[in-house]
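Work through the exercises below with the sequence and the 3D structure open. Try each task before reading its solution.

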Amino acid sequence: MDVGINLDRRYLAAIALILLVAFAGGIKYQSYNESRRQEEQLLLEELNLPKSALEEQEEEEESLIQVYVCGEVKYPGIYQLKPGGRVHQVIDMAVALEEAELSFIMKKLCKCNTIFIF
């Protein structure tokens with residue numbers, strides 16, 4: 001019985017050691033990846049290379065204004081415009097119905113807007 005307990009303890013110790021080594025290796029790998037990423041970023045900044053198309057698209061999407069249009073329009077929903085866009089641009093995309101009253105709409109859009117068309 002004593003031999004079986006010692007054998008079990010050896011297996012547990014071996015498993016614990018393997019897990020410890022794997023954990024330490026994972027931490028070291030993460031540190032290596034982070035330093036490599038920082039080196040690449042510095043190199044790109046030094047070379048002054050243009051941004052990738054994906055980075056440019058992400059920046060553009062972040063700067064877009066979202067506008068929710070509902071009411072007397074054919075296609076209600078959320079529309080995106082560049083900053084400084086005008087309400088009439090969004091209404092043109094949503095296609096205002098003939099009976100819609102549009103004479104009072106003349107404002108500039110900001111970050112998040114809801115436009116009700118009566």
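The model is predicted.

**Exercise 1.** Find which residue meets arginine 37 in a salt bridge, and state where the two lie.

Solution. Start with the contact: the side chain of arginine 37 meets that of glutamate 34 in a salt bridge, with 3.2 Å from N to O. A salt bridge needs a distance within 4 Å, and 3.2 Å satisfies that cut-off. Next, place the pair: both residues lie in helix H1, 3 residues apart, which is about one turn of the helix. Finally, check the surroundings of glutamate 34: this residue is partly exposed, with a relative accessible area of 37%.

**Exercise 2.** The structure holds 2 salt bridges. For the one between glutamate 40 and arginine 36, explain why the two residues are separated by about one helical turn.

Solution. First, take the distance: the side chains of glutamate 40 and arginine 36 meet at 3.8 Å, N to O. Second, take the spacing: the two are 4 residues apart in helix H1, so about one helical turn separates them. The general rule is that an α-helix has 3.6 residues a turn, so residues three or four places apart point the same way. Third, classify the partners: glutamate 40 is partly exposed at 42% relative accessibility, and arginine 36 is partly exposed at 41%.

**Exercise 3.** Decide whether leucine 20 is buried or exposed, and name the surface patch to which Leu20 belongs.

Solution. Leucine 20 is found in helix H1, which covers residues 2-47. Its relative accessible area is 55%. The cut-off for exposed is over 50%, so leucine 20 counts as exposed. Together with Leu17 and Val21, Leu20 makes a nonpolar surface patch of about 310 Å².

**Exercise 4.** List the residues of the largest nonpolar core and say which element gives the largest share.

Solution. The core has 8 residues: Ile65, Val67, Val69, Val73, Tyr79, Leu81, Val90 and Ala94. Strand S1 (65-71), strand S2 (77-81) and helix H3 (87-94) each supply at least two of them. The largest share, 3 residues, comes from S1. As a general background, nonpolar side chains in soluble globular proteins tend to be buried together.

**Exercise 5.** Which residues of H3 are buried, and how are they arranged around the axis?

Solution. The buried residues of H3 are Val87, Val90, Ile91 and Ala94. They cover an arc of only 100° around the axis, so they sit on the same side of H3. Just after H3, valine 95 takes a positive phi of about 60°.

Notes: Residues are numbered from 1 along each chain as its sequence is written. This is a predicted model: local features need pLDDT of at least 70, side-chain atom pairs count only at pLDDT 80 or more; totals for chains, interfaces and linings use all residues. Side-chain values use heavy atoms; hydrogens and water are left out. Patches are made of residues with over 30% relative accessible area and no salt bridge: like charges are joined within 9 Å, nonpolar side chains (Val, Leu, Ile, Met, Phe, Trp, Tyr) within 5 Å. Accessible areas come from the Shrake-Rupley method with a 1.4 Å probe; for residues, only the protein chains shown count as cover. Buried means under 20% relative accessible area, exposed over 50%, partly exposed in between (1.4 Å probe, protein chains only). A nonpolar core is a set of buried Ala, Val, Leu, Ile, Met, Phe, Trp, Tyr and Cys residues joined through side-chain atoms within 4.5 Å. The arc is that of the directions from the helix axis to the C-beta atoms.
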